[in-house]
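Biologist: I'd like to go through this one with you and ask why each label is used. Can you take me through the reasoning step by step?

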Amino acid sequence: MIPQPIKHLIEPEDFTIEELNTLIALAKEMYTFPEKYSEKCKGKILATLFYEPSTRTRLSFESAMLRLGGKTLGFSDANTSSVSKGESIADTISVISGYADIAVMRHPKEGAPKLASQYAHIPIINAGDGGHQHPTQTLTDLLTINMHKGSFENQTVAFCGDLKFGRTVHSLIKTLARYNIKKFILVSPEELTLPDSLKTKLLREYNVELKEVRFLEEVIEEIDILYMTRIQKERFFNEADYNRLKDSYILDLQKIKAAKEDMIIMHPLPRVNEIAYEVDADPRAVYFEQAKLGVYIRMALITKLLGVE
Amino acid sequence: MIPQPIKHLIEPEDFTIEELNTLIALAKEMYTFPEKYSEKCKGKILATLFYEPSTRTRLSFESAMLRLGGKTLGFSDANTSSVSKGESIADTISVISGYADIAVMRHPKEGAPKLASQYAHIPIINAGDGGHQHPTQTLTDLLTINMHKGSFENQTVAFCGDLKFGRTVHSLIKTLARYNIKKFILVSPEELTLPDSLKTKLLREYNVELKEVRFLEEVIEEIDILYMTRIQKERFFNEADYNRLKDSYILDLQKIKAAKEDMIIMHPLPRVNEIAYEVDADPRAVYFEQAKLGVYIRMALITKLLGVE
Amino acid sequence: MIPQPIKHLIEPEDFTIEELNTLIALAKEMYTFPEKYSEKCKGKILATLFYEPSTRTRLSFESAMLRLGGKTLGFSDANTSSVSKGESIADTISVISGYADIAVMRHPKEGAPKLASQYAHIPIINAGDGGHQHPTQTLTDLLTINMHKGSFENQTVAFCGDLKFGRTVHSLIKTLARYNIKKFILVSPEELTLPDSLKTKLLREYNVELKEVRFLEEVIEEIDILYMTRIQKERFFNEADYNRLKDSYILDLQKIKAAKEDMIIMHPLPRVNEIAYEVDADPRAVYFEQAKLGVYIRMALITKLLGVE
């Protein structure tokens, strides 16, 4: 028997468009017929190696594995664990390979999950490494769009808020560009626009249509998918700018009055105040459903990497 | 299909006497025939959301869910989790509703579980909110009394220790008053008597017989159920008072010599020094059994709220 | 029915050589046919009571229980739990006895698991108590040697590094002495030699052959089993000594050139720098396999103590 190379998920580019589509289709199937998959991972163990706390992401992975009939073990914070004390990531993952069948790793340092995957005898999933990558958030976003829009083609996707620093936004934009997205609209204050290098890449490599504006009101009528992000006060050069601008980036019912009826409002959560609570009851708000869909795309991912789908 | 309203347990008053009796009967059945219920929650997930540590309570809930064939996920301390950072309880519970089928919440702030229940799409169990409520402790106490005494009627129940601050005592007294309890005896130092408002309520609304004494020796012969609680030094006005009185509220074999042979001694645990270790071997000491029964009443509660009993 | 006394594992001496052999044989069987044992502990709960963090040990036990079809609950650090606050170990274990079917305890204080076992109504496994005992590490080491060497007789076992303070080394040496080990070679700096009392015991009670040297090069050709340990800088009297000696106790490919082809290199992990990474690829390096075997010996132990093997 020729051993198959172990498949990992370190960044979204690890999957081809075809593989992404297969994953999305499987997640939808799991969402519709969960009981068909409730024993798929029986006898399998997922290790959750969280070198920094990220409770929502950790619980989403644990829920995914439990809903597949599998089990979990791990740690939720390296500070209260003894794992990181003087032991290399290479050694830790070599040991964990003997304890579990698949592992998910969150690490404050960029590249840590990649390094782990080079020593692991089991599949590794990157659950966020510093400000670098968080590929299962991108998968979650893709599934949410697909569930509501059917396809990615001909959609106008607007990103609103901090487009400079958010890894979630960068990762999703790059992945959507690989699909035939019609148009991106970038809504941000001048201080927080999408990095030029990424804009250039989008225009040259993917030939997408890009539109940049300062205020949501200018473009709200044409948006199919509105992706909101948090604006942190400390990202601004001075407090005066922040105070002058902050209300422009808080979504409320007034701002979406002119929006399409089938526009969807997404957010990676947690939200602080960038979406008013009154929006939650609007049928276009799908961010809590998005969090729930994150469980199903992770279920699909786990079964794919374990080869038990 | 008309959706049923989700049932929560936020305070003991959420259940009628009839519902309490059903719950107690189910817990007794589960205690006697555990294997009949070992798969009742197969495929179900309990989220344990502990915003402050309470290891005993958390493990009791986890044990209950595991013994029902279910699974658990969650966090044991908000300080080492990232859940509380800037996210509202409403948002957190909306997300958790997508990860789990039922949730238990412990929170330092009074009212937090109630608030959570208003946003949850899954049943919420209050596992203690500040000094306010801890309804599953009350259920545990009811089951323990029922197991040993058969009924609540015609029992003389004494509470000894700090009757001023203990939420456990207040909650149990109010619930027992709804049954036809014969008589309450309150044994406490003057500084720590039951609040007047609660005494008035008991006398007016429930017409119970109340007797207040300073020392256990005065009443030990007539007690059927002796509920001990911890006296904290810092509750006293001055150290002299504490030192003068503390031994009066430590239960030892000498103090229970004159007690009925079938009296039971209860305690919510943890005990510090208010019951001497020599009492543990006395057949009347049921506090460790009481802790164990807490698992079975929680099993009954989980199945009831999930509608799988 | 006469109740059987509860069997615990507090120190390796709790098991006879015959019991150890049975355990090793069962672990090997489990390693070869894991699916035969995947439901052995169905419905059983293991409590992991870690009063200090020891992530590797905790996860090894959890993996063992999950691979047996059982479930786990517990805490990983008493500081972030509320268990230790003012409650005696006796009370805690009395309560836990109602929540779980078997418990593993790690505690910074010597003797704590022993004390717990005297109050427990369930089997207790010592997972390390201060610098005192860590019996499941010893069992892991025995299984590793047995898997590679078939028997313990006629083996030459070298221990290299800090032989003064390491409980792992002391415990393994004492246990191997109970088998017919041919010869022990002790390789350490003068400051860190095996305590005289233990040497005397080995010579008088077990009549083993003992050889003490300062440098590995002197003895490398005759070693069958090389057990490496960490040398901590702070164990030396002065930094000059440490700097002069440290390289002598770092294993690299150069140092094992003259070693037997079937020598095995063991290490309890975590390693810091006492084995160069280049050694990992050498077929004689078995320390990661040793970590994996730790899961199987713990599986065997759990089933034995639960009486479900």
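Modeller: Sure, and let's begin with a definition: angles under 35 degrees count as roughly parallel, over 145 as roughly antiparallel, 65 to 115 as roughly perpendicular, and the rest as oblique. Keep in mind that this is a predicted model.

Biologist: Okay, so why are helix 2 and helix 9 of chain C called oblique to each other?

Modeller: Helix 2 (residues 55-67) of chain C and helix 9 (residues 287-306) of chain C pack at an angle of about 60 degrees, with axes 8 Å apart. That angle falls in none of the three named ranges, so the pair is oblique. The crossing of these two helices is also right-handed.

Biologist: Which residues make that contact?

Modeller: From helix 2 of chain C you have C:Thr57, C:Ser60, C:Phe61, C:Ser63, C:Ala64, C:Met65 and C:Arg67, and from helix 9 of chain C there are C:Gly294, C:Val295, C:Arg298, C:Met299, C:Ile302 and C:Leu306. Sorted by class, that contact has 7 nonpolar, 4 polar and 2 charged residues.

Biologist: And what makes helix 6 and helix 7 of chain C roughly parallel?

Modeller: Again, look at the angle: helix 6 (residues 167-178) and helix 7 (residues 196-206) of chain C pack at about 10 degrees, their axes 10 Å apart. Roughly parallel takes an angle under 35 degrees, so this pair qualifies. In helix 6 of chain C, C:His170, C:Ile173, C:Lys174, C:Ala177 and C:Arg178 meet C:Leu198, C:Lys201, C:Leu202 and C:Tyr206 in helix 7 of chain C. The split for this contact is 5 nonpolar, 1 polar and 3 charged.

Biologist: Now the chain interfaces. How many residues of chain A and chain B are in contact?

Modeller: 26 residues of chain A touch 23 residues of chain B. The area buried between chain A and chain B is about 2000 Å², with carbon and sulfur atoms giving 55%. Chain B and chain C also bury about 2000 Å² between them, 55% of it on carbon and sulfur atoms, and that contact takes 26 residues from chain B and 23 from chain C.

Biologist: Why is the pairing of A:Arg271 with B:Asp91 called a salt bridge?

Modeller: The rule wants a side-chain nitrogen of Lys or Arg within 4 Å of a carboxyl oxygen of Asp or Glu. For A:Arg271 and B:Asp91 the closest N and O atoms are 2.7 Å apart, so the pair passes. Side chains of opposite charge can pair when their charged atoms come close.

Biologist: How do you know that B:Glu87 and A:Arg56 pair up across chains?

Modeller: Their side chains meet at 2.9 Å, N to O. B:Glu87 sits in the loop between strand 2 (71-75) and helix 3 (89-96) of chain B, while A:Arg56 is in helix 2 (residues 55-67) of chain A. The rule finds 4 salt bridges across the interface of chain A and chain B.

Biologist: What about B:Arg67 and C:Asp101?

Modeller: That N to O distance is 3.4 Å, which is within 4 Å, so B:Arg67 and C:Asp101 count too. Between chain B and chain C the count is 4 salt bridges.

Biologist: Last one: what makes the bond from B:Leu269 to B:Pro270 cis?

Modeller: Its omega is near 0 degrees. B:Pro270 is in the loop between strand 9 (264-266) and helix 9 (287-306) of chain B. The bond from C:Leu269 to C:Pro270 is cis as well, with omega near 0 degrees. Most peptide bonds are trans.

How values were computed. Residues numbered from 1 in each chain as written. Chains lettered and ligands numbered in written order. Predicted model: local features only at pLDDT ≥ 70, side-chain atom pairs only at ≥ 80, totals over all residues. Heavy atoms only, no water. Axes fitted to C-alpha atoms, helices over the stretch in contact; angles between N-to-C directions. Helix = DSSP H or I, 4+ residues; strand = E, 2+ residues; numbered from the N terminus. Left-handed = near helix turned anticlockwise from the far one by under 90°. Contact = heavy atoms within 4.5 Å. Nonpolar A, V, L, I, M, F, W, Y, C, P; charged D, E, K, R; others polar. Buried area = accessible area lost by both parts, 1.4 Å probe.
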